[in-house]
Amino acid sequence: AWGFLLVAVHGGDAAEAGPVGYATGHATYETEFAARGFYMGDLYVSPGHRRRGVGSALVAAMAAEAQARGGSFLWWTALPGNAAAHRFYAAIGGDGEEVRAFALAGVPFDSLAAGAAR
């Protein structure tokens, strides 16, 4: 498979049940780390479910999937003007670069992957 999709589903009562977020990714090789990992192409959480841990859970699950497939890092980007995303990514351990790319490798990657609900 070329890509990978994770979907977060709200498990509340039947009236509120349904998808509340998603993340997409694919396997990659990064020369900076000299290793295989995942590139996370999209991360979205519906506005009504933000700041509830859904985004963190999706990123953690993406890291865990990358690790399960032999990867040792997670890499993604965010638009320069998306300050809320930048704060979120930095809070989970992502390292920002001038191009607004974020990487999660080493101990933060291992910790996030280990903490993912399976």
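Where is the place of Ala 34? In this predicted model, Ala 34 sits in the loop between strand S2 (18-30) and S3. Its relative accessibility is 55%, and because anything over 50% is called exposed, Ala 34 counts as exposed. A second residue helps to place this loop: Ala 34 and Asp 110 are 76 residues apart in sequence, and their C-alpha atoms are 17 Å apart in space.

With that starting point in hand, the whole chain can be described. The secondary structure of the protein chain consists of three helices and six strands. Read from the N terminus, these elements follow the order β-β-β-α-β-α-β-β-α. The radius of gyration of the protein chain is 14 Å, close to the 13 Å that the globule rule gives for 118 residues, so the chain is as compact as a globular protein of that length. Along the principal axes, the C-alpha atoms fill a box of roughly 45 × 30 × 25 Å. Of the 118 residues, 37% count as buried. Contacts across the sequence can be followed too: among those between residues at least 6 apart in sequence, 52% join residues at least 24 apart.

Next comes the empty space. Rolling a probe the size of a water molecule over the atoms shows where such space is left. The largest pocket has a volume of about 650 Å³. It is lined by 25 residues, and the closest to its centre are Leu 43, Arg 50, Ala 85, Phe 88 and Tyr 89. Four elements give two or more residues each to this lining, namely strand S3 (35-45), helix H1 (54-68), strand S4 (73-77) and helix H2 (83-91). Which of the elements gives the most to the lining? It is S3, with six residues. Sorted by character, the lining of the largest pocket holds 13 nonpolar, seven polar and five charged residues.

Arg 50, one of the residues closest to the pocket centre, deserves a look of its own. This residue is found in the loop between S3 and H1. Arg 50 has a relative accessible area of 43%, so it is partly exposed. Leaving aside residues up to four places away in sequence, Arg 50 touches Tyr 44 and Val 45. From C-alpha to C-alpha, Arg 50 and Gly 21 are 9.2 Å apart in space, while 29 residues separate them in sequence.

The aromatic residues complete the picture. A pair of aromatic rings is described by the distance of the centres and the angle of the planes. The count for this model comes to five aromatic pairs. In one of them, the rings of Tyr 39 and Trp 75 have their centres 4.7 Å apart and their planes at 45°, so the pair is tilted. Tyr 39 lies in strand S3 and Trp 75 in strand S4, so the pair ties together parts that are 36 residues apart in sequence. Are these two partners buried or exposed? Tyr 39 has a relative accessibility of 17% and therefore counts as buried, whereas Trp 75, at 25%, counts as partly exposed. Elsewhere, Trp 76, Phe 88 and Tyr 89 form one aromatic cluster. Two members of that cluster, Phe 88 and Tyr 89, have already appeared among the residues closest to the centre of the largest pocket.

Notes: Residues are numbered from 1 along each chain as its sequence is written. This is a predicted model: local features need pLDDT of at least 70, side-chain atom pairs count only at pLDDT 80 or more; totals for chains, interfaces and linings use all residues. Side-chain values use heavy atoms; hydrogens and water are left out. On a 1 Å grid over the protein atoms alone, a cavity is a set of points where a 1.4 Å probe fits but cannot get out, and a pocket is an open set with protein on both sides within 12 Å along at least five of seven lines; lining residues have an atom within 4 Å of a point. Grid points are joined across faces, edges and corners, and a volume is the space filled by probe spheres set on the points. Ala, Val, Leu, Ile, Met, Phe, Trp, Tyr, Cys and Pro count as nonpolar, Asp, Glu, Lys and Arg as charged, and the others, Gly among them, as polar. Rings of Phe, Tyr and Trp (its six-membered ring) pair if their centres lie within 6.5 Å; planes under 30 degrees apart count as stacked, over 60 as edge-to-face and the rest as tilted. Buried means under 20% relative accessible area, exposed over 50%, partly exposed in between (1.4 Å probe, protein chains only). The radius of gyration is taken over C-alpha atoms; the globule rule is 2.2 Å times the number of residues to the power 0.38. Contact means heavy atoms within 4.5 Å.
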